[in-house]
Amino acid sequence: GGNSDTLCDQFLKGAAEAGNRVEKIRLADLKIDYCSACYACKTTGRCVKRDEMEQIIEKMRDADVIVLATPVDTIPLLTVKILNRIAPHQVVMDTGSIKGELCEVVAMHARRGRFVATHPMWGTEFSGPEAAVHGAFAGRTVVICDREASDPDALESVERIYTEIGMPVKYMSAEEQDTHTAYVSHISHITSFALALTVLEK
């Protein structure tokens, strides 16, 4: 029900309007264990883990692109868990606002190339479904981070999605993105809250 949820809903709406088939799954409500690297899935086609991942594994197998839109503190670990389970042709992307820790965590993953780190530069001070705005992404910039670490076909798929929903694409390193986001977004929020608190204390 927060900003990540709103962002996800807007992204899905734009992707659906562009002709893509979409489905939203709340991973935060599921228990997903770590991969034990037993490679049983390579021979049997099934994971030996009996966690709630089984509920969505078939949906994941059918997906070309998996979009992670959760609070930023959950994205690094969740990305690793998803990368552990994907097929070689699939693409994983995120929509979080902070990229340094995420890109560092996935840097040495065997499937790092299938991941594309993105930050759609859109949001309001409101949260929840009622904060959704039709066509919110059109004309808003999306930042793709560390593009050289992503496979060319994975990068192209994500670029195409954002282009279809009307978002100009910019490229930065994870560090540059975090610095710019701090100046453009986070500092203004901090200043606003500090001013509000000062007024309340008077």
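**Exercise 1. Find what percentage of the chain's residues count as buried, and describe the surface of this predicted model.**

Step 1. Begin with the residue count. The chain has 202 residues, and 39% of them count as buried.

Step 2. Turn to the surface. The accessible area of the chain is about 11600 Å². Carbon and sulfur atoms account for 56% of that area.

Step 3. Check the confidence. The mean pLDDT of the chain is 84. A value of 70 or more is reached by 89% of the residues. Confidence is lowest in H1, with a mean of 76. Confidence is highest in strand E2, residues 91–94, at 97.

**Exercise 2. Work out the order of helices and strands, and say how far apart in sequence the contacting residues lie.**

Step 1. Count the elements. The chain holds seven helices and five strands.

Step 2. Read them from the N terminus. The order is α-α-α-β-α-β-α-β-β-α-β-α.

Step 3. Look at the contacts between residues at least 6 apart in sequence. Of these, 70% join residues at least 24 apart.

**Exercise 3. Describe the largest pocket: its volume, its lining and the elements that supply it.**

Step 1. Take the volume. The largest pocket has about 1200 Å³.

Step 2. List the residues at its heart. The lining has 44 residues, and Leu-12, Glu-23, Val-65, Ile-66 and Val-67 lie nearest the centre.

Step 3. Assign the lining to elements. At least two residues each come from helix H1 (3–17), helix H3 (54–62), strand E1 (65–68), helix H4 (75–85) and helix H6 (152–164). H1 supplies the largest share, with seven residues.

Step 4. Sort by chemistry. The lining of the largest pocket has 24 nonpolar, nine polar and 11 charged residues.

**Exercise 4. Do the same for the second largest pocket.**

Step 1. Take the volume. The second largest pocket contains about 720 Å³ of space.

Step 2. Find the residues nearest its centre. They are Cys-41, Cys-47, Asn-84, Arg-85 and Arg-111, out of 30 lining residues.

Step 3. Assign the lining to elements. Helix H2 (40–44), H3 and H4 each give at least two residues. H3 gives the most, with five.

Step 4. Sort by chemistry. The lining of the second largest pocket divides into 16 nonpolar, five polar and nine charged residues.

**Exercise 5. Decide whether Thr-95 is buried or exposed, and name its contacts.**

Step 1. Place the residue. Thr-95 sits in the loop between E2 and helix H5 (100–106).

Step 2. Apply the cut-off. Buried means under 20% relative accessible area. Thr-95 has 7% relative accessibility, so Thr-95 counts as buried.

Step 3. Find the contacts, leaving aside neighbours within four places in sequence. Thr-95 touches Leu-7, Val-67, Leu-68, Ala-69, Thr-118, His-119, Pro-120 and Tyr-162. One of these, Val-67, is also among the residues nearest the centre of the largest pocket.

**Exercise 6. Place Cys-47, classify its exposure and find its contacts.**

Step 1. Locate the residue. Cys-47 is in the loop between H2 and H3.

Step 2. Apply the cut-offs. Partly exposed lies between buried, under 20%, and exposed, over 50%. The relative accessible area of Cys-47 is 27%, so Cys-47 is partly exposed.

Step 3. Find the contacts beyond four places in sequence. Cys-47 is in contact with Cys-41 and Arg-85. Both partners, like Cys-47, are among the residues nearest the centre of the second largest pocket.

Step 4. Compare positions with Cys-35. Cys-47 and Cys-35 are 12 residues apart in sequence. Their C-alpha atoms are 8.7 Å apart in space.

Notes:
Residues numbered from 1 in each chain as written. Predicted model: local features only at pLDDT ≥ 70, side-chain atom pairs only at ≥ 80, totals over all residues. Heavy atoms only, no water. Helix = DSSP H or I, 4+ residues; strand = E, 2+ residues; numbered from the N terminus. Buried < 20%, exposed > 50% of the residue type's maximum accessible area, 1.4 Å probe, protein only. Contact = heavy atoms within 4.5 Å. Areas by Shrake-Rupley, 256 points an atom, 1.4 Å probe, with all protein chains shown as cover. 1 Å grid on protein atoms, 1.4 Å probe; cavity = no way out; pocket = protein on both sides within 12 Å on 5 of 7 lines; lining within 4 Å. Points joined across faces, edges and corners; volume = space filled by probe spheres on them. Nonpolar A, V, L, I, M, F, W, Y, C, P; charged D, E, K, R; others polar. pLDDT = per-residue confidence, 0-100.
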